[in-house]
Amino acid sequence: MSLASVSLAASEGAAQAFEVRPFAGRVGAEIIGLDLSKPVNSVDFARIHRAHLDHHVLVFRDQRITPEQQIAFSRRFGVLQIHVLKQFLLTGHPEILIVSNIIENGQSIGLGDAGKFWHSDLSYKELPSLGSMLHAQELPSEGGDTLFADQHKAWDSLPEALRKAVEGRSAAHSYTARYSETKFEGNWRPTLTAEQLAQVNEVIHPVVRKHPETGRKALFVSEGFTTRIVGLPEDESRPLLAELYAHSIREENIYRHQWQPHDLVFWDNRSLIHLAAGCPNHLRRKLFRTTIQGDAPF
Ligand code: SIN
């Protein structure tokens with residue numbers, strides 16, 4: 001560390017003694033001993049940024065933070081994206097999407113089945129998400145896990161024939177691809193208004209993208225939002241996508257997050273796809289999500 005960065009860090013607040021503990025043999029790492037309710041100086045921030053690029057999903061334990069603090073920390077990574085489902089944005093804090101199966105007065109308080117299919121957040125936008133942060137508010141006593149699958153490993157281990165079939169190709173992504181399908185018991189999805197539909201027109205992205213910060217290649221298709229491979233007839237596109245999906249979620253590429261109270265999980269949507277495993281409907285689950293805008297995939 002240079003003298004200049006030491007004195008800059010000092011003027012921004014004290015360094016925090018925290019540890020980055022990678023999960024053995026898996027994508028992801030735990031961050032222990034960092035308190036996000038306190039200022040994070042630029043030296044600590046650079047360590048977190050590096051760990052995020054290296055491990056793709058970071059689990060910050062025991063974060064007693066407010067929505068304002070979650071928003072402020074998220075903003076340090078980029079511009080925040082406002083979810084199209086305005087119904088489920090936290091009052092006074094539209095940067096936060098409420099992910100919840102809780103029904104109050106006959107109304108869902110949040111998106112109850114967010115993540116029911118594997119996906120990368122907002123891949124249906126021209127500028128998909130760099131990363132998302134999910135902060136636990138209320139957790140069920142059973143289930144409710146979130147699974148993350150490493151798409152760099154998926155690409156690196158893709159059989160040669162599949163690589164050849166997809167390299168240089170693009171795929172269409174759409175928010176409405178699986179919108180009305182319900183995998184869980186509840187049906188939490190409101191009908192999209194014309195205004196909402198206009199915000200989620202189909203977009204085209206490369207099937208294999210390069211991470212803009214590390215240069216590593218990753219598969220960038222998912223059952224949640226990808227609808228077709230551009231330029232292939234439907235009867236070729238569908239089986240090819242099915243093979244890619246099966247490969248992208250191989251057991252060895254997956255970290256399964258079992259939530260603990262006050263966890264804040266921050267993942268890289270350019271490197272991973274994720275899935276909400278679901279929990280029994282009668283058990284309450286509520287999390288706050290912020291979503292950081294990324295670059296156009298290339
Ligand atoms: C999401 O896809 O953002 C939600 C994941 C979860 O609820 O576990």
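Asp268 and Arg270 are both buried, and in this predicted model the two residues form a salt bridge whose closest N and O atoms lie 2.9 Å apart. The structure holds 21 salt bridges.

Another of these pairs joins Arg61 to Asp263, with 2.8 Å from N to O. Arg61 belongs to the loop between E3 and H3, whereas Asp263 belongs to the loop between strand E15 (254–257) and E16, so the bridge ties together parts that are 202 residues apart in sequence. Both partners are withdrawn from solvent by the criterion applied here, which is a relative accessible area under 20%. Arg61 has a relative accessibility of 16% and therefore counts as buried; Asp263, at 0%, counts as buried too. The pair does not stand alone, for Glu30, Arg61 and Asp263 are linked in a network of salt bridges.

Strand E15 itself contributes to a further bridge. Arg256 and Asp145 form a salt bridge in which the closest N and O atoms are 2.7 Å apart. This pair also links distant parts of the chain, with Arg256 in strand E15 and Asp145 in the loop between E8 and strand E9 (146–150), 111 residues apart. The surroundings of the two partners can be stated separately: Arg256 is partly exposed, with a relative accessible area of 43%, while Asp145 is buried, with a relative accessible area of 9%.

Several of the elements named so far also bear on helix H2. This helix comprises the 14 residues 42–55; at 1.5 Å a residue it should span 20 Å, and its end C-alpha atoms are indeed 20 Å apart, so the expected and computed values agree. At the start of H2, a side-chain oxygen of Asn41 comes to within 3.1 Å of the backbone nitrogen of Val43. After the helix comes His56, which has a positive phi, near 75°. Within H2, the buried residues are Asp44, Phe45, Ile48, Ala51, His52, Leu53 and His55. Their cover includes strands E1 (19–22), E2 (29–32), E3 (57–60), E8 (129–138) and E16 (264–268), together with helix H3 (67–75).

The ligand offers a second view of the interior. Around the ligand lie Val99, Ala114, Gly115, His119, Leu134, Thr146, His274, Ala276, Arg285 and Arg289. Three side chains place polar atoms beside ligand oxygen atoms. For Thr146, an N or O atom of the side chain is 2.6 Å from an oxygen atom of the ligand. For Arg285, a polar side-chain atom lies 2.8 Å from a ligand oxygen, and for His274 the corresponding distance from a side-chain N or O atom is 3.0 Å. Taken alone, the ligand exposes 260 Å², of which the protein buries 99%.

A last site to examine is His205, which lies in strand E11 (residues 203–206). With a relative accessible area of 3%, His205 is buried. Leaving aside residues up to four places away in sequence, His205 touches Ser123, Lys125, Glu126, Pro128, Ser170, Ala171, His173, Phe220 and Pro297. One of these neighbours, Ser123, also takes part in a polar contact: the side chain of His205 reaches the backbone oxygen of Ser123 at 3.1 Å. As a reference for distance, His205 and Trp155 are 50 residues apart in sequence and 16 Å apart in space, C-alpha to C-alpha.

How values were computed
Residues numbered from 1 in each chain as written. Predicted model: local features only at pLDDT ≥ 70, side-chain atom pairs only at ≥ 80, totals over all residues. Heavy atoms only, no water. Helix = DSSP H or I, 4+ residues; strand = E, 2+ residues; numbered from the N terminus. Expected span 1.5 Å × (residues − 1). Buried < 20%, exposed > 50% of the residue type's maximum accessible area, 1.4 Å probe, protein only. Contact = heavy atoms within 4.5 Å. Polar contact = N/O pair within 3.5 Å; in protein donor to acceptor, adjacent residues only side chain to side chain. Salt bridge = Lys/Arg side-chain N within 4 Å of Asp/Glu carboxyl O. Near = heavy atom within 4 Å. Areas by Shrake-Rupley, 256 points an atom, 1.4 Å probe, with all protein chains shown as cover.
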